[in-house]
Amino acid sequence: MVAAVPAVGKVETYLREEIKKHGTICFPLIDSENSTNNDVVTSIARKVEAAGASAVLVGGSSATDQMELAKVVSDIKGAVKIPVILFPGNVTGVSPKADAILFSSLLNSEDPYFITGAQALGALAVKKHGIEPLPTAYVIVGEGTAAWFVGRARGIPSHKPNLAVMYSLAAQYMGMRFVYLEAGSGASQNVTPEMVAAVRKYYEGILIVGGGIKTPETAGQIAKAGADVIVVGTMIEKDGDWQQKLSSMVKAMRQAH
Ligand code: 1GP
């Protein structure tokens, strides 16, 4: 007898509803390495929720301290109602109290460890802690960022949208319900709206775009091109008036539809 296909979980169902409601939603990324002070983390989490974020991502390619990560996840959980989603760069990115995890394969890595190795090592911990796995194809665009370096990626050239389409469609055919087009944190060149539009034409799952997006104009263009989710990391905390700016970015994402 064939077992039933596992149902889509609570967090993914919520995300699909949010996307239906708003067109494009925002995931601010809180870096567990830079934000260990309880008051700071709590205050950032409340501010991003008030700015209209639909979930908080925690992690990053060079966040490897599990104690720090566990504390940050727990502080955020205590401060806001929106889900906390892990964004792991390695097995060390799994943390018990999170609601969900971008269970990602770095499709264009040259190292099998980042395609299937770390995933095998981390899978049982995800199961044991009851963290909802969101099956994600992680695709790195461009070069020179921490995600590109650590993940040993062969970055897709920014001006080659068709390569991103090929990876995204392959991800869909392999059953991945999320694709994350990643330019890398602090990237000088964000994923272009042209690349987003090209992928959108073919890929039918949830399309996440991040890296170097720090203005409402860029967020609006990427939303209009078809991103379902936009990740904003570096801008948070950096600009003095970042909460206001994040709010404007969320508005621009919604108005793009
Ligand atoms: C990085 O895509 C995220 O993994 C966010 O990028 O820090 O440039 O906003 P930024």
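These legends walk through close-up views of one predicted model.

Local features are described where pLDDT is at least 70, side-chain atom pairs count only at pLDDT 80 or more, and totals for chains, interfaces and linings use all residues. Residues are numbered from 1 along each chain as its sequence is written, and side-chain values use heavy atoms, with hydrogens and water left out.

**View 1. Glu12 and Arg16 pair up in helix 1.** A salt bridge here is a side-chain nitrogen of Lys or Arg within 4 Å of a carboxyl oxygen of Asp or Glu, and by that rule the count is eight. Helices (H or I, at least four residues) and strands (E, at least two) are DSSP runs, numbered from the N terminus. Glu12 and Arg16 form one such bridge, with 3.0 Å between the closest N and O atoms. The two sit four residues apart in helix 1 (residues 10-22), about one helical turn. An α-helix has 3.6 residues a turn, so residues three or four places apart point the same way. For exposure, buried means under 20% relative accessible area, exposed over 50%, and partly exposed in between (1.4 Å probe, protein chains only). Glu12 is buried at 0%, while Arg16 is partly exposed at 35%.

**View 2. Lys21 and Glu18 meet further along helix 1.** Their salt bridge spans 3.8 Å from N to O. Both residues lie in helix 1, three residues apart, about one turn of the helix. Lys21 is exposed, with a relative accessible area of 62%, but Glu18 is buried at 11%.

**View 3. Helix 3 carries a salt bridge between Lys71 and Asp75.** The N to O distance is 3.1 Å. These partners are four residues apart in helix 3 (residues 66-79), about one turn of the helix. Lys71 is partly exposed at 41%, and Asp75 is buried at 11%. Elsewhere, Glu12, Arg16 and Arg177 are joined into one network by salt bridges that share partners.

**View 4. Ile76 and Ile230 in the largest nonpolar core.** A nonpolar core is a set of buried Ala, Val, Leu, Ile, Met, Phe, Trp, Tyr and Cys residues joined through side-chain atoms within 4.5 Å. The largest has 61 residues, of which Ile76 and Ile230 touch the most other members. Beyond its neighbours within four places in sequence, Ile230 is in contact (heavy atoms within 4.5 Å) with residues including Phe27, Val209, Ile222 and Met253. Apart from this core lies another, of 25 residues, among them Phe87 and Val231.

**View 5. The ligand and its surrounding residues.** With a heavy atom within 4 Å as the cut-off for being near, 14 residues surround the ligand, and Glu182, Ser185, Gly186, Gly212 and Thr234 are the closest. A polar side-chain atom of Ser185 is 2.7 Å from a ligand oxygen atom. Backbone atoms take part too: a polar one of Gly211 is 3.0 Å from an oxygen atom of the ligand, and an N or O atom of Gly212 is 2.7 Å from one. Strand 6 (178-182) and strand 8 (229-232) each supply at least two residues of the shell.

**View 6. Helix 8, largely enclosed.** Seven of the ten residues of helix 8 (residues 216-225) are buried, so the rest of the structure largely encloses it. Among them are Pro216, Gly220 and Ala225. The buried residues pack against helix 7 (193-202), strand 7 (206-210), strand 8 and helix 10 (242-255). Just after helix 8, Gly226 takes a positive phi of about 125°.

Technical notes. A polar contact is a pair of N or O atoms within 3.5 Å; within protein, one must be able to donate a hydrogen and the other to accept it, and residues adjacent in sequence count only if both atoms are side-chain atoms.
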